[in-house]
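Student: I should be grateful for a guided introduction to this structure. Where should a careful reader begin?

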Amino acid sequence: MAAILQAIQAQAALRRERIFRDRLHPLDAYDDQQLRKLYRFSRDGCIAIINRLAPKIQHPTNRNMALPPSLQVFVSLRYFASGSLLDDTSFVHGIHTSTACRTIQRVAHALFDMRDEVIKFPESPEEVRAANTSFHEIAGMPNIVGAIDGTHVNLYGAPLGDDEYIYINRKGQHSLNVQLICSANYMITNVVARWPGSTHDCRILKRSAIGQRFERRELSGILVGDSGYKLEPWLLTPVRVPQSEADQAYNRAHCKTRVLIEQVNGQVKSKFRCLNGQGIPMAPERASKVIIACCVLHNLSKQMNEPQDNYEIEEADQPAVHDQELNNPAGLATRQNIIQNYFTGVNV
């Protein structure tokens, strides 16, 4: 019996004592400029996000020195902002890598659950009229409620299993193809972030809830998209071979309007660099939540009038041009009617 007790005591002595590292709190350690550089939000912006997320991410107890909501938010913002390895994020905040990973997933899930509160497509007559007016002021395009495009977010070292091949995009990289729609004031009004990189933009729109609602005439207004999309009565594409000055004026106005979504792509990927470069080292389902979380944060940033970081417009892939215009007389008629009524004799 004594030998057994001695063995147990020896084993306990060999156990590694738990070490709790000193945790740096960014609000105390950094000035406003440093906070913006590290976390992409001002001090007031960080506090507002913490207050909004705190009820959703508060741990039920403080057992094992659980991270408070404020540190959970800062750990996640640091990862979203830098896209660096989890080792860097965990080291900066004095936590273990596994804790950083769980924290980022926890905060991303909370932001994901807020998507319907923050990302809203104009549906009511008042919202549609406001969107029409805002877009018309840009280049004279009528009845526009959104600009649409796809952007790829790479999956770096993500476990893809037997479906790996469907995530390979045209550049030979593993990615998710993310559909975004934006307003005239750079707010994201719709996001779909679950499709593999090999999926074409047009198919994503056709299979998405918002595309099907437009098809069923449940939504009012018109979207603008590049020539990779199919011309529809509710989606205007450029005139492929302009035949008149009115066609050219329409194309110029279309380009000035559509460029908004390319600017939004640039803003989001510049602010949240985890969406840029090598990409997100997570399984597609988790990566999708991170992408939508960043879109929610983008809109919150706009709502709070946060300063905009410098950004570059994302270099767009050459879209696969659709040859289905002649098979869609309703779409052709809508576009031609707009050209005749709004762009004949107009220099845009």
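Tutor: A sensible start is with the part that deserves caution. The structure is a predicted model, in which local features need pLDDT of at least 70, side-chain atom pairs count only at pLDDT 80 or more, and totals for chains, interfaces and linings use all residues. Residues are numbered from 1 along each chain as its sequence is written, and side-chain values use heavy atoms, with hydrogens and water left out.

Student: Over which residues does pLDDT stay under 50, and how many contacts beyond four places in sequence does the model have for them?

Tutor: pLDDT is the predictor's confidence in each residue, from 0 to 100, and contact means heavy atoms within 4.5 Å. The stretch in question is residues 17–21, and the number of such contacts is six.

Student: What is the mean pLDDT of the protein?

Tutor: Of the residues in the protein, 83% reach a pLDDT of 70 or more. The mean is 88.

Student: How many helices and strands does the protein have, and what share of its residues is buried?

Tutor: Helices (H or I, at least four residues) and strands (E, at least two) are DSSP runs, numbered from the N terminus. There are 14 helices and five strands. Buried means under 20% relative accessible area, exposed over 50%, and partly exposed in between (1.4 Å probe, protein chains only). Of the 348 residues, the buried share is 48%.

Student: At what angle do the axes of helix α3 and helix α5 cross?

Tutor: Axes are lines fitted to C-alpha atoms, for helices over the stretch in contact, and angles run from 0 to 180 degrees between N-to-C directions. The axes of α3 (residues 32–39) and α5 (residues 69–82) come within 7 Å, and they cross at roughly 65°.

Student: Which residues make that contact?

Tutor: From α5 come F74, L77, R78 and A81, and from α3 come L35, L38 and Y39.

Student: How do the residues of the contact of α3 with α5 divide into nonpolar, polar and charged?

Tutor: Ala, Val, Leu, Ile, Met, Phe, Trp, Tyr, Cys and Pro count as nonpolar, Asp, Glu, Lys and Arg as charged, and the others, Gly among them, as polar. On that basis the contact has one charged residue, no polar residue and six nonpolar residues.

Student: How many aromatic pairs are found, and why is the pair of Y30 and Y39 called tilted?

Tutor: Rings of Phe, Tyr and Trp (its six-membered ring) pair if their centres lie within 6.5 Å; planes under 30 degrees apart count as stacked, over 60 as edge-to-face and the rest as tilted. The whole structure holds seven aromatic pairs. In the pair of Y30 and Y39 the centres are 6.5 Å apart, and the pair is tilted because the planes stand at 50°.

Student: Are Y30 and Y39 buried or exposed, and which residues form one aromatic cluster with them?

Tutor: Y30 and Y39 are both buried. The cluster that contains Y30 and Y39 is completed by F74.

Student: Where in the chain do F121 and F214 lie, and what kind of pair do they form?

Tutor: F121 lies in the loop between α8 (115–118) and α9 (125–139), while F214 belongs to helix α11 (residues 209–215), 93 residues apart. Both are buried. With 5.9 Å centre to centre and 90° between the planes, the pair is edge-to-face.

Student: Where does R40 lie, and why does R40 count as buried?

Tutor: R40 is in the loop between α3 and α4 (43–57), and its phi is positive, about 70°, although R40 is not a glycine. Most residues other than glycine have a negative phi. R40 counts as buried because its relative accessibility is 12%.

Student: Which residues does V224 touch, not counting residues up to four places away in sequence?

Tutor: V224 is in strand β4 (residues 222–224) and is buried, with a relative accessible area of 0%. Its C-alpha atom is separated by 8.8 Å from that of D149, 75 residues apart along the chain. The residues touched are M141, I144, G146, A147, I148, L236, H254, T257 and R258.
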